[in-house]
Amino acid sequence: MLESLLALGGLVLLRDSVEWEGRSLLKALIKKSALCGEQVHILGCEVSEEEFREGFDSNINSRLVYHDLFRDPLNWSKTGEALPGGPLEALRALCRRTDPGPVTIALDSLSWLLLHLPCTTLCQTLHTLSRQDSCHGDSSPGEQVHVLGLLHEELHGPGPLGALSSLAQTEVTLSGALGQASAHILYRRPQQRPSHQTQWFSILPDFSLELQRGPPLESQPYPDPHTPSMDPTTHLTFNLRLSKKEREAKDSLTLPFQFSSEKQQALLCPGLGQPTSHIFYEPDAYDDLDQEDPDDDLDV
Amino acid sequence: MFPELNNLLNTTPDQVEQGKLTLLCDAKTDGSFLVHHFLSFYLKANCKVCFVALIQSFSHYNIVGQKLGVSLTTARECGQLVFLEGLKSAVDVFFRPQEEPHPLQFLREANSGNLQPLYEFVQEALKPMDSGEAAWRCPVLLVDDLSVLLSLGVGAVAVLDFVHYCRATVCREWKGNVVALVHDSGDAEDEENDILLNGLGHQSHLILRAEGLATGFCKDVHGQPKGSS
């Protein structure tokens, strides 16, 4: 998975959230680049250099150059330790570096830069940064610049997110389920339709990546082998099954509100020998007995 | 302090983790009990505490502190506690010359700048003593709360920068702790507060969230705590 993420070159956008953090994947990609012999420049805004280098062995650490924007990014201390020119100048300095050879630039994080710089300026600088292989006329075509940008999705609106997304050759959105992280990867290969892939993974303590097949199944409680399994249909107070005679009686039963032809006949013709029912009515003084049928004027 | 919370976090005043940013968050309930817990916890743990108290008066915190076994008055007198009483000193900003820096200087500015004066106040309060011998275990910054800064006109990015600098100095350089309370506006769609809450969520080592019960208010059980790191 790491090779495919680094294969296209250009900007690789890692979109994470508070629940599914992306710094571990960023460090795994950095380790991969360093092991391939690339020099890695890290613009560190969110964590200190010691914290970032934790977990890497000395071989990897020797290939990492950490540009510290964490300690005093806005020059509040005025001790002269801050990077001159602030975050924008630090970013532009990365564009101007003239080291030969393939290089990876990691931005930890793009969110911090986006909160402190205008979106257009940041996008233009990123564009310059990730297109450097075409800027240096004498560099061999095989030398690519990888720019890895960590972006915290929840901090930005759809406009800036969309702008950064359009600059990225590869976009990884981190999520997960049941404690297992997943990456939804969007590849934008030139002159091809974008392709998607979803990969479940976990990052080991040494920042190597282990692929997983999917989220773990919810753990089933094992049935206790000592208790015999009971038949739940014993000791019921009602019948679950019908005998043949009971089934026949049930099928031949006429339901009380079912209107069958027998019922109709029974209602229409009184039984032989049974007196017909009579209604005896004594009209009141106020009764108006009109023999006319009130429906006569209806034209039906 | 609440022993149940100590058990939940697997910590005691004798074993204090250092270099951590703890985010306290409340949604549909009052999370101030967490602030009182950590205030009494760190005072009992013999840490030097700088408390930026923007919500209540000193006497309020003192009364609650006494019920939890600490005296803020004593702690302040012996230098263990540096207390910024926001409600009182907010008025002082307007009655002193503008040249003198004040931690709540932003209240006076037309367009809210940054919280650098507040950071410098914290830095001055918690910087290690030059004598070399540490009288207190580690410095702790406690803020109650950060959401009110947004209501006072400070931008979310400025508050995040303030916490960033506190983290760099107090947590990283001086191996101390920072504890801050932020309210979760929930469905209120407060963009600035959401940026602040999520931005701090990414920076924090531990997030303690107090939520109101889904079924509503209950006399004896007010909510449920949730922790993630």
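How many residue pairs are in polar contact across the interface of chain B and chain A? In this predicted model, the count across that interface is 11 residue pairs, each with both members at pLDDT 80 or more. The fold of chain A is described before the interface is taken up in detail, and a single cysteine of chain A is considered last.

Chain A is built with 11 helices and nine strands, and of its 300 residues 37% are buried. Among the contacts in chain A that span a separation of 6 or more, 64% are made by residues lying 24 or more positions apart. The area that chain A exposes comes to about 19200 Å², of which carbon and sulfur atoms supply 54%.

The size of an interface is often expressed as the accessible area that is lost when the parts come together. For chain B and chain A, the area buried between them is about 1900 Å², with 60% of it on carbon and sulfur atoms. Of the area that chain B buries against chain A, 36% is supplied by B:Tyr165, B:Arg172 and B:His202, which is more than any other three residues provide. In terms of contacts, 21 residues of chain B meet 23 residues of chain A.

Two salt bridges are counted between chain B and chain A. One of them joins A:Glu50 to B:Arg172, with the closest N and O atoms 3.6 Å apart. On the side of chain B that touches chain A, the elements giving two or more residues are helix H6 (116-126), helix H8 (156-173) and helix H9 (191-203) of chain B. The greatest share of that side comes from H8(B), which gives nine residues. Sorted by class, the side of chain B that touches chain A holds nine nonpolar, eight polar and four charged residues.

Within chain A, A:Cys119 belongs to helix H7, which covers residues 119-130. A:Cys119 has a relative accessible area of 25% and is therefore classed as partly exposed, since this value falls between the 20% limit for buried residues and the 50% limit for exposed ones. When residues up to four places away in sequence are set aside, A:Cys119 touches A:Leu114, A:Pro160 and A:Ala163. Of these contacts, the one with A:Ala163 links positions that are 44 residues apart in sequence, while the C-alpha atoms of A:Cys119 and A:Ala163 are 8.3 Å apart in space.

Technical notes
Residues numbered from 1 in each chain as written. Chains lettered and ligands numbered in written order. Predicted model: local features only at pLDDT ≥ 70, side-chain atom pairs only at ≥ 80, totals over all residues. Heavy atoms only, no water. Helix = DSSP H or I, 4+ residues; strand = E, 2+ residues; numbered from the N terminus. Buried < 20%, exposed > 50% of the residue type's maximum accessible area, 1.4 Å probe, protein only. Contact = heavy atoms within 4.5 Å. Buried area = accessible area lost by both parts, 1.4 Å probe. Salt bridge = Lys/Arg side-chain N within 4 Å of Asp/Glu carboxyl O. Polar contact = N/O pair within 3.5 Å; in protein donor to acceptor, adjacent residues only side chain to side chain. Nonpolar A, V, L, I, M, F, W, Y, C, P; charged D, E, K, R; others polar. Areas by Shrake-Rupley, 256 points an atom, 1.4 Å probe, with all protein chains shown as cover.
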